[in-house]
Amino acid sequence: MEILNLSLSATNRFASNYLEQSPDILPFFHYRFNDFAEDQKRLDELSNRHFPREKVAGHIEKFMERFPSSEAVKNSLAKLKHTNSVVVIGGQQAGILTGPLYSIHKIISIIKLAEEKERQLGVPVIPVFWIAGEDHDFHEVNHVFMPVEHKVDKWSYPEKIKQKKMVSDITLNKDVCRKWVINLIENFGETNHTKQLINFAEKTLNNSSTFVDFFANIVMELFKDYGLLIVDSGDRNFRLLQTEQFSQQIDQHREITNYLLEQQSIIGKKGYPITIDTHDKAANLFYYNPKSNERILLEFDSESNTFVGKSGVVSFTKEELIEIAYHDPAKLSNNVVTRPLMQEWLFPTLAFIAGPGEISYWAELKLVFEHFQIKMPPIVPRLNITLLERAIESDIDELNLELSQVLSRGSAQERDQYLESIKDREVSELFSALKSQLLEQYERIEVKTNQLDSSLLPLLKKNETYLLKQIGFMEGKLEESVKSKFNVILSKFNRIELSLRPYGFPQERVWNIFYYINQYGTNLITELMELEFEFDGSHKVIKL
């Protein structure tokens, strides 16, 4: 296993410019992510702020009791209580079977950067993964994409959830889930590792009650030896630590929204698209309605001076909402604007690991942070990784393709050029001439038909279309016959595309880690973690 570093553009222009630390991007952030001197400045800032380390560590320790653990995890919990400890943190939704590969890449990034910064700075640096369990978009976490018959197939978990429940509150039907997971793994194709992988999945499922439990059990089983800590933002006990912060957000909701809109305006004038969808009535807070078991986004109605849910389903004065914050905070949860604030109030964050989209929305929060007299942490782009299987590498070499171009845009262009090169020119010209002659003759017939009996014109058109369709059918059959002679080459193009750019998307946004564990065994994670990664913005191609 080795790493090949490639220079590729990020998935959006803003993130690409951020990786390059372009001068027009820097004013949107408080720190440069690739400057050691900035780490020292961040440590100085954090040392002048107070964090509830003991309470947070106590909560995480209690929360993680039901998940796989290790001495490394216990050491991380002990280190978090130190007065000079800091964290490298990042988060993601609790996708079933961990969701797309980028969730795994983010965890690897968090752990690796924490290890690197602890060596460089000589202070305790703990890796923390924030599970976005308060999210209620079930359809974003309930599926896995499968390679089926050389195509991408979406396999959704069969149970339906109609209410806007937080994922943390969605329970698993273990029998249904077990059958679905085993069927999915078996459809990856049987290998020497399939039985072990099914046992692994069943073990983690048996110890799980909810979607978040299932996600956390898998993650901790894979990464427990690296001292990873996890926290679930949807956990009710976790929100008991957030009463003061919720109160601040409610009290200063206008300022949060106004500064967000102001920063978005500054970014928009620089020609960059806006990421966070907001408006001047946004309260940036959700209320969990126990009557409907739904998570309701609140807005502020200036006429009635109240916080209201959609269609007026709930309504609170500021005082009532602050009362809820202090006495029943489990009913409140953050949105994309206030979640970063809450994270920064609770954790002494040395660095935040971000995907391309997250880089963009953090830039829109700068003035919000400054309003609370704190700085955003260094935003470190997560490792962008592609897993390159040996057979796919061989196909790329045989076809003389450029790996960087395949990763950026796929191989469709080269495939089309190849198809063009193997076409029988004479056949193409014959069919083209035949269709031209047919259309020309039917134009003449149409003129004559119009003179003799115009009511027959629709039938004539139908007859013309039928003949063209039959000619096209025959032309297609001859083309397929030619292609079949070159099927071995075309299959290589298809395999490359399916592995590295499925449906035109980066591999990490589609495929799931269980496919690769089925191929290479659970030791795959150990081997990945033994590699040396540089956070230099380059794309990491890992040859398996």
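**Figure 1. Lining of the largest cavity in the predicted model.** This view of a predicted model shows the residues around the largest cavity, which are Leu19, Phe33, Pro381, Arg382, Leu383, Asn384, Glu534, Phe535, Asp536, Gly537, Ser538 and Lys540. The volume of this cavity is about 70 Å³. Sorted by class, its lining holds five nonpolar, three polar and four charged residues. A search of the whole structure gives four cavities of 30 Å³ or more.

**Figure 2. Surroundings of Asn384.** Asn384, one of the residues that line the largest cavity, sits in the loop between strand E13 (379-381) and strand E14 (385-388). Is Asn384 buried or exposed? Its relative accessibility is 18%, so Asn384 counts as buried; the cut-off for buried is under 20%. The side chain of Asn384 makes a polar contact of 3.2 Å with the side chain of Arg382, and Arg382 also belongs to the lining of the largest cavity. Which residues does Asn384 touch when neighbours within four places in sequence are left aside? They are Glu508, Ser538, His539 and Lys540. Among them, Ser538 and Lys540 also line the largest cavity. Ile104 is 280 residues away from Asn384 along the chain, yet the C-alpha atoms of these two residues are 11 Å apart.

**Figure 3. The largest pocket.** The volume of the largest pocket is about 1300 Å³. How many residues line the largest pocket? Its lining is made up of 44 residues, and those nearest the centre of the pocket are Gln92, Gln93, Tyr102, Asp135 and Glu140. At least two lining residues come from each of strand E2 (86-92), helix H5 (101-121), strand E4 (143-148) and helix H14 (356-363). Of these elements, H14 gives the most, with four residues. By class, the lining of the largest pocket has 17 nonpolar, 16 polar and eleven charged residues.

**Figure 4. The second largest pocket.** This view turns to another pocket, the second largest, with a volume of about 510 Å³. It is lined by 23 residues, and Lys164, Phe286, Ile296, Leu297 and Leu298 are the closest to its centre. Which strands each supply at least two residues of this lining? They are strand E7 (282-289) and strand E8 (294-301). E8 gives the most to the lining of the second largest pocket, namely six residues. The lining of the second largest pocket divides into ten nonpolar, seven polar and six charged residues.

**Figure 5. The whole protein, for orientation.** The close-up views above come from a protein of 544 residues, which has 23 helices and 15 strands. Its C-alpha atoms fill a box of roughly 90 × 60 × 55 Å along the principal axes. Of the residues of the protein, 53% count as buried, and Asn384 in Figure 2 is one that counts as buried. The protein exposes about 25600 Å², and carbon and sulfur atoms supply 48% of this area. Among contacts between residues at least 6 apart in sequence, 75% join residues at least 24 apart.

How values were computed
Residues numbered from 1 in each chain as written. Predicted model: local features only at pLDDT ≥ 70, side-chain atom pairs only at ≥ 80, totals over all residues. Heavy atoms only, no water. 1 Å grid on protein atoms, 1.4 Å probe; cavity = no way out; pocket = protein on both sides within 12 Å on 5 of 7 lines; lining within 4 Å. Points joined across faces, edges and corners; volume = space filled by probe spheres on them. Nonpolar A, V, L, I, M, F, W, Y, C, P; charged D, E, K, R; others polar. Buried < 20%, exposed > 50% of the residue type's maximum accessible area, 1.4 Å probe, protein only. Contact = heavy atoms within 4.5 Å. Polar contact = N/O pair within 3.5 Å; in protein donor to acceptor, adjacent residues only side chain to side chain. Areas by Shrake-Rupley, 256 points an atom, 1.4 Å probe, with all protein chains shown as cover.
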